[in-house]
Amino acid sequence: MQLAMAAGSVTLGIDLGTTSVKAALLEAAPDDPSGFVVLASCARAARAEVEAESAAAGPQGREQDVRRIVQALNECLAALPRQQLRRVGGVGVSGQMHGVLFWKVGQGCEWTEGDAASVFEPRAVSHLVTWQDGRCSSSFLASLPQPESHLSVATGFGCATIFWLLKNSPELLKSYDAAGTIQDYVVAMLCGLPRPLMSDQNAASWGYFNTCSQSWNMEILKASGFPVHLLPDIAEPGTMAGRTSRVWFEIPKGTQVGVALGDLQASVYSCMAQRTDAVLNISTSVQLAAPMPPGFQPAQTPDPAAPVAYFPYFHSTYLGVAASLNGGNVLATFVHMLVQWMADLGLEVEESTVYSRMIQAAAQQRDTCLTITPTVLGERHLPDQLASVTRISSSDLSLGHVTRALCRGIVQNLHSMLPFQQLKEWGVQRVMGSGSALSRNEVLKQEVQRAFPLPVSFGQDVDAAVGAALVLLRRPIKQKEP
């Protein structure tokens, strides 16, 4: 069954990112069926990082407080025009991939009626263990069963995290009966779903999912004692997960809500105008993605050492993706280090001031011989790799030199994973840039143009939210078959 949105209605797109939550209200362009107008948008910092619930995770654990993420979402919605929210006919949601949180069905949230809006607050939920989580060591990953999938399993992937919790914190798993990504959770709460739904985009990001059969590796997982009852049901991206069970910030009860998308796919969808476009997103992490030809099927044997992975997109097509763990987070680490050094010297300075000054200094320093390999977080295909600084000379130690070398290193690291020559072989003729770290950093933009000698166009930092809305705006939403 296909459900078209009412003429003249507005679509809300939401992106639940690692460092911020974004929302955008879109309307179809009156004179262009494929065009759209962004009526309003909003972004709020999540500031959700917390210590791991399991002490055994150690310093490698990376978790976020779901309550803070939802609070940032509520702040975004409250900042949007109320008269436009009343016109919303569909809600699209995307978010950070790979991560996992748990909740109790029927107790995952509590709805409250405020003075200005009806909102939901998380209740019986765990922390979100994010894609940045490093608790699964190489030896632990090697002890896991081989997946029946073309995608490898890495630390920070949902199924790997559940395996780790099964071994190290089984009591935590016993407290809950549902699991999903943060975007799956939000969709489930909005619609009051009895079981979470997950698109193949997010399922593939968890591992142990076969994209050809569109199913979890149930037999492999059951044989290893994996709690398969926690695995969400699978739905095609672009289908309807349900309808809002209540009025939500003036959005009418019964409004269609799409199955949650991966933020990578949503960003690509908002930016890719032609099949000859590649999309480069630099936010907390970095992704460079290009569409594979129709009919492409990846080899069904995972290759953990391969720097390029193939993730499901829409209509059974795939994206070739180089996904680096080291992006805006590396710049943030550098800024934090500088601020900490200043504090150790008895000086106080805001991180925002340091960031703007260092980008200004690097913009004036057009070149450097200093070389920085920025892989402080390793990479999924090289998990034990660390960062390094080489070719250090006394003339290259200014803030401008170091920042220029750091930005260049981030881009060059990505280029080493997916070189310009490979993009040309795939038929790529243009690079579309997006993401918060890229949109506000002129030095990164310069380095992208230097590394990829193709026409480059830069977008905004709300692209994933726009993409989540566009999927609903451009396509009739299909009801998921019962």
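This passage describes two sheets, three helix packings and an aromatic pair in a predicted model.

The first sheet to consider is open and has six strands, in the order S22-S23-S21-S20-S26-S27, with mixed pairing. Its edges are formed by strand S22 (308-312) and strand S27 (456-458); each has a single partner strand, so one side of each is left without a neighbour in the sheet. From one strand to the next, the twist averages 25°. Within this sheet, strand S20 (residues 277-282) and strand S26 (residues 430-434) run parallel and are joined by five bridges. A handy place to look at this pairing is Ala 278, which stands opposite Val 431 in S26.

A second open sheet is made of three strands in the order S5-S6-S11, and here the pairing is antiparallel. Strand S5 (49-50) and strand S11 (128-129) take the edge positions, each with a single partner strand, so one side of each is left without a neighbour in the sheet. Strand S6 (residues 63-64) is joined to S11 by two bridges, the two strands running antiparallel. Gln 64 has Leu 128 in S11 as its bridge partner.

Turning to the helices, helix H1 (residues 66-79) packs with helix H6 (residues 182-191) at an angle of about 65°, and their axes are 12 Å apart. H1 and H6 are therefore roughly perpendicular to each other, and the crossing is right-handed. On the H1 side, the contact involves Val 66, Ile 69, Val 70 and Leu 73, which meet Ile 182, Tyr 185 and Val 186 in H6. By class, this contact of H1 with H6 has seven nonpolar residues, no polar ones and no charged ones.

Helix H12 (residues 399-417) and helix H15 (residues 442-451) pack with their axes 9 Å apart, at an angle of about 40°. The two helices, H12 and H15, are therefore oblique to each other, and they too make a crossing that is right-handed. H12 contributes Arg 404, Cys 407, Arg 408, Val 411, Gln 412 and His 415, while H15 contributes Val 443, Leu 444, Gln 446, Glu 447, Val 448, Arg 450 and Ala 451. The residues of the contact of H12 with H15 comprise six nonpolar, three polar and four charged.

In the third packing, the axes of helix H9 and helix H16 (residues 463-474) cross at roughly 75° and come within 7 Å. That angle makes H9 roughly perpendicular to H16. From H9, the contact draws on Asp 263, Ala 266, Ser 267, Tyr 269, Ser 270 and Cys 271; from H16, on Asp 463, Ala 464, Val 466, Gly 467, Ala 468, Leu 470, Val 471 and Arg 474. Sorted by class, the residues of the contact of H9 with H16 are eight nonpolar, three polar and three charged.

Tyr 269, listed in the H9 contact with H16, also takes part in an aromatic pair with Phe 314. A search of the whole structure finds 13 aromatic pairs. The ring centres of Tyr 269 and Phe 314 are 5.3 Å apart and their planes stand at 65°, so the pair is edge-to-face. This pair links distant parts of the chain, 45 residues apart: Tyr 269 belongs to helix H9 (residues 263-271), and Phe 314 to the loop between S22 and strand S23 (318-324). S22 and S23 are in turn neighbours in the order of the six-stranded sheet.

Methods
Residues are numbered from 1 along each chain as its sequence is written. This is a predicted model: local features need pLDDT of at least 70, side-chain atom pairs count only at pLDDT 80 or more; totals for chains, interfaces and linings use all residues. Side-chain values use heavy atoms; hydrogens and water are left out. Two strands pair if DSSP finds at least two bridges between them. Helices (H or I, at least four residues) and strands (E, at least two) are DSSP runs, numbered from the N terminus. Axes are lines fitted to C-alpha atoms, for helices over the stretch in contact, and angles run from 0 to 180 degrees between N-to-C directions. Angles under 35 degrees count as roughly parallel, over 145 as roughly antiparallel, 65 to 115 as roughly perpendicular and the rest as oblique. A crossing is left-handed if the near helix is turned anticlockwise from the far one by less than a right angle, and right-handed if clockwise. Contact means heavy atoms within 4.5 Å. Ala, Val, Leu, Ile, Met, Phe, Trp, Tyr, Cys and Pro count as nonpolar, Asp, Glu, Lys and Arg as charged, and the others, Gly among them, as polar. Rings of Phe, Tyr and Trp (its six-membered ring) pair if their centres lie within 6.5 Å; planes under 30 degrees apart count as stacked, over 60 as edge-to-face and the rest as tilted.
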